[in-house]
Amino acid sequence: MSDSTLGNHTVRSELSIGGRRLSYLDFGGDGRPLVALHGHISEGVMFTHLAGALGPEWRLIAPDQRGQGESERADDYTREGYLADVRALLDHLALDRVVLLGHSMGAVNAYQFTARHPERVSALINVEGPVELELDGPNPLAFLLDLPRRAATREELAAGLGPAGSQFSDRLRQSPDGSWRLPFHPDDMFRSEEEVHGDYWDDWTSSSCPALLIHGTKGYVPAAEVRGMVDRRPGTVAVQLDGDHLLPTGVPETFAAAVRDFLATL
């Protein structure tokens with residue numbers, strides 16, 4: 001989805017963090033602020049449907065996380081780096097407290113940021129974000145390293161992506177020299193996936209704001225882990241949706257309804 005398909009009130013803006021551009025979509029309105037963080041090989045535009053479904057009561061802001069979408073590549077993809085970006089965005093927008101939503105890697109960013117800055121987060125929404133991320137076996141994003149990085153035309157690049165083309169072909173970017181590239185650098189995403197793995201139970205359980213855990217019937221978070229995440233963190237409720245890991249785009253209506261119902265309790 002390109003920016004041209006977004007609503008009339010949506011504005012793409014940016015801030016500079018140490019000379020590096022961080023781009024974000026502000027879906028507009030005067031409602032309460034909700035910041036949404038996407039996962040690997042995605043970008044903020046994935047939350048377009050959610051922004052519309054939440055209506056005027058909520059102002060959704062979705063950054064393109066470092067090295068993805070319209071945001072520039074970073075020198076590192078550490079946990080500390082991602083969390084510093086979130087804080088810089090909130091400071092840039094003068095947002096003292098927000099509801100923080102994250103999907104997948106973005107969910108890890110969201111609950112780790114909440115653990116470190118509880119005064120900035122009034123409620124947390126974790127979408128398919130595990131707390132036990134041990135990397136057993138090959139990196140799941142290793143397939144990215146075999147993809148073409150750029151091509152002379154959009155069509156040539158899309159064709160070269162093979163089966164992965166369905167995931168990225170509508171988000172390819174044109175470079176200043178006229179060539180076409182992916183909306184991320186494969187090496188960066190491989191490194192970021194390596195960096196995100198770990199045992200994060202302490203991060204998950206150290207905050208106390210209301211929290212919603214949305215997981216899919218065919219998602220990444222095991223049922224036993226879901227139960228533990230609810231039992232070990234007071235104030236957490238879980239909702240299971242019929243879908244896979246990509247709930248925000250795979251089942252947008254039921255996903256938006258789950259988020260809306262939770263927000264109505266705040």
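**Close-up views of a predicted model**

**View 1. Helix 8 and its cover.** Strand 6, strand 7 (132-133), helix 7 (201-205), strand 12 and strand 13 are among the elements that cover the buried residues of helix 8. This view, like the others here, comes from a predicted model. Which residues of helix 8 are buried? They are Glu225, Val226, Gly228 and Met229. Looking down the axis of helix 8, you find these buried residues within an arc of 165 degrees, so they line one face of the helix. On the face turned away from that buried side, look for the exposed residues Ala223, Arg227 and Asp231.

**View 2. The sheet of eight strands.** Here 8 strands make an open sheet with mixed pairing, and you can follow them in the order 1-2-4-3-5-6-12-13. Strand 1 (11-17) and strand 13 (236-244) stand at the edges with a single partner strand each, so one side of each has no neighbour in the sheet. From one strand to the next, the twist averages 20 degrees. Helix 8 (residues 223-231) packs on this sheet, where it touches strand 6 (121-127), strand 12 (211-218) and strand 13. The direction of helix 8 makes about 155 degrees with that of strand 13. Another helix to find is helix 10 (residues 252-263), which lies across strands 3, 4, 5, 6, 12 and 13. Helix 10 runs at about 160 degrees to strand 12.

**View 3. Strand 4 and its partners.** How many of the residues in strand 4 are buried? The count is 6 of 6, so to speak of strand 4 as mostly covered fits its buried residues, with buried meaning under 20% relative accessible area. Trp58, Leu60 and Ala62 point one way from the strand, while Arg59, Ile61 and Pro63 point the other way. Strand 2 (residues 20-26) runs antiparallel to strand 4 and is joined to it by 3 bridges; Leu25 stands opposite Ala62 in strand 4. Strand 3 pairs with strand 4 in the parallel sense, over 4 bridges, and Leu34 has Leu60 of strand 4 as its bridge partner.

**View 4. Strand 3 beside strand 5.** Strand 3 (residues 32-37) and strand 5 (residues 98-103) run parallel and are joined by 4 bridges. To find your way along this pair, look for Ala36, which stands opposite Leu101 in strand 5.

**View 5. Two nonpolar cores.** The largest nonpolar core has 51 residues, and Val35, Tyr111, Leu144, Phe168 and Trp204 touch the most other members. Take Tyr111 as a guide: leaving aside residues up to four places away in sequence, it touches Leu124, Asn126, Gly129, Pro130, Val131, Leu133, Tyr200, Asp203 and Trp204. A second, separate core has 29 residues, including Leu34, Val99, Phe255 and Ala256.

**View 6. Helix 2 crossing helix 3.** The axes of helix 2 (residues 79-92) and helix 3 (residues 105-116) come within 10 Å and cross at roughly 70 degrees. These two helices are therefore roughly perpendicular to each other. On the helix 2 side, the contact is made by Arg79, Tyr82, Leu83, Val86, Arg87 and Leu90. Helix 3 contributes Met105, Val108, Asn109, Gln112, Phe113 and Arg116.

**View 7. The sheet of three strands.** In this open sheet, 3 antiparallel strands follow the order 8-10-9. Strand 8 (150-151) and strand 9 (173-174) are at the edges, each with a single partner strand, so one side of each is left without a neighbour in the sheet. Strand 9 is joined to strand 10 (residues 180-181) by 2 bridges, and Gln174 stands opposite Trp180 in strand 10.

How values were computed:
Residues numbered from 1 in each chain as written. Predicted model: local features only at pLDDT ≥ 70, side-chain atom pairs only at ≥ 80, totals over all residues. Heavy atoms only, no water. Pairing = 2+ DSSP bridges. Axes fitted to C-alpha atoms, helices over the stretch in contact; angles between N-to-C directions. Contact = heavy atoms within 4.5 Å. Buried < 20%, exposed > 50% of the residue type's maximum accessible area, 1.4 Å probe, protein only. Arc of directions from axis to C-beta. Core = buried A, V, L, I, M, F, W, Y, C linked by side-chain atoms within 4.5 Å. Parallel < 35°, antiparallel > 145°, perpendicular 65-115°, else oblique.
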